[in-house]
Amino acid sequence: KDAALDHVNVMKQLYAFQTLTILLKLSSGVYNPITIPEISGISATNYVQFEPLSGDVSFSAYSADNIVDMRNVGYIRFKNISFSLPETGVIRGINPSLVRLNANSTGAQFLNCSFADNSSSQLCTLLLVEGASNVVVDNCSFQGGQIGIDMAGTASDIRATTTRISHSEFS
């Protein structure tokens with residue numbers, strides 16, 4: 001699906017509803033990479049949740065720096081979503097990853113999600129928590145890749161903190 005067109009409409013809706021919890025129910029299918037920018041008004045109680053309307057929903061690409069890139073984003077949830085790199089896929093750039101959270105991101109949640117590097121190179125990080133805080137990973141599966149979850153920081157005072165990983169499998 002063309003996430004670029006969806007992305008513009010989704011962002012307009014997010015800015016319009018800054019005091020509500022927003023459930024974005026995605027139609028079944030494979031979505032292109034997306035960068036989620038900072039969204040003002042989002043909080044632990046007024047979050048944005050991506051989940052399937054019905055069927056399987058996946059974010060995937062044959063070539064990208066990151067499949068989902070969250071910069072300065074707070075309180076985004078993904079529920080029952082797959083993030084994958086296909087067999088012939090290539091992740092490029094510095095710190096290539098399926099999903100990337102940067103230092104100013106907080107409160108991201110991944111609930112019953114799957115992360116898979118199916119490429120022949122298996123060189124990407126599946127989930128890069130680059131200084132983000134209060135991240136929850138619950139009941140997720142991680143398959144392939146060079147690193148399952150990389151909890152890093154960009155400096156000694158900017159590091160991943162208060163991340164909870166539970167009921168998840170790595171293979």
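**Surface, salt bridges and a parallel sheet**

F170 comes out as partly exposed, with a relative accessible area of 47%. That label applies because partly exposed covers what falls between buried, under 20%, and exposed, over 50%. The model discussed here is a predicted one. In it, F170 belongs to strand β20, which covers residues 169–170. F170 also takes part in a nonpolar patch on the surface, where its partners are M151 and I165. Together, M151, I165 and F170 offer about 280 Å² of accessible area.

Turning to the chain as a whole, strands make up most of the list of elements: there are 20 of them, against 1 helix. The chain has 171 residues, and 49% of them are buried. About 8,300 Å² of the chain is exposed, and carbon and sulfur atoms supply 49% of that area. Among contacts with a separation of 6 or more, 78% are between residues 24 or more positions apart.

How confident is the prediction? The average pLDDT for the chain is 82, and 79% of the residues score at least 70. Confidence is highest in strand β12 (residues 109–111), at 96. At the other end of the scale is helix α1 (residues 3–16), where confidence is lowest, with a mean of 56. Over residues 1–5 the pLDDT stays under 50. For residues 1–5, the model has 9 contacts beyond four places in sequence. Where pLDDT is low, the predicted coordinates should not be read in detail.

Next come the charged side chains. Side chains of opposite charge can pair when their charged atoms come close. In this model, the count comes to 4 salt bridges. One of them joins E51 and K25, with 2.6 Å from N to O. This pair links distant parts of the chain, as E51 sits in strand β4 (residues 48–52) and K25 in strand β1 (residues 22–26), 26 residues apart. Is each partner buried or partly exposed? E51, at 11% relative accessibility, counts as buried, whereas K25, at 43%, counts as partly exposed.

Another salt bridge brings together the side chains of D69 and R100, at 3.4 Å from N to O. D69 is in strand β7 (residues 66–70) and R100 in strand β11 (residues 97–101), so this pair ties together parts that are 31 residues apart in sequence. D69 has a relative accessibility of 4% and counts as buried. R100 counts as buried too, at 15% relative accessibility.

R100 also forms a salt bridge with E130, and here the closest N and O atoms are 2.7 Å apart. Again the pair links distant parts of the chain: E130 lies in strand β14 (residues 125–130) and R100 in strand β11, 30 residues apart. E130 and R100 are both buried. Which residues end up in one network through shared salt-bridge partners? They are D69, R71, R100 and E130.

The last part of the picture is a sheet. Six strands, in the order β2-β5-β9-β13-β16-β20, form an open sheet with parallel pairing. The edges are taken by β2 (29–31) and β20, each of which has a single partner strand, so one side of each is left without a neighbour in the sheet. The edge strand β20 is also the strand that holds F170.

From the β2 edge inwards, the pairing can be followed residue by residue. Strand β2 runs parallel to strand β5 (residues 57–60), and 3 bridges join the two. Within this pairing, V30 stands opposite S58 in β5, and Y31 stands opposite F59 in β5. Strand β5 is in turn joined to strand β9 (residues 82–85) by 3 bridges, and these two strands also run parallel. Here S60 stands opposite S84 in β9.

In a regular strand the side chains alternate between the two faces of the sheet. Are the faces of β5 covered or uncovered? Both faces of β5 are covered: V57 and F59 are buried on one side, and S58 and S60 are buried on the other.

How values were computed: Residues are numbered from 1 along each chain as its sequence is written. This is a predicted model: local features need pLDDT of at least 70, side-chain atom pairs count only at pLDDT 80 or more; totals for chains, interfaces and linings use all residues. Side-chain values use heavy atoms; hydrogens and water are left out. Patches are made of residues with over 30% relative accessible area and no salt bridge: like charges are joined within 9 Å, nonpolar side chains (Val, Leu, Ile, Met, Phe, Trp, Tyr) within 5 Å. Accessible areas come from the Shrake-Rupley method with a 1.4 Å probe; for residues, only the protein chains shown count as cover. Helices (H or I, at least four residues) and strands (E, at least two) are DSSP runs, numbered from the N terminus. Buried means under 20% relative accessible area, exposed over 50%, partly exposed in between (1.4 Å probe, protein chains only). Two strands pair if DSSP finds at least two bridges between them. pLDDT is the predictor's confidence in each residue, from 0 to 100. Contact means heavy atoms within 4.5 Å.
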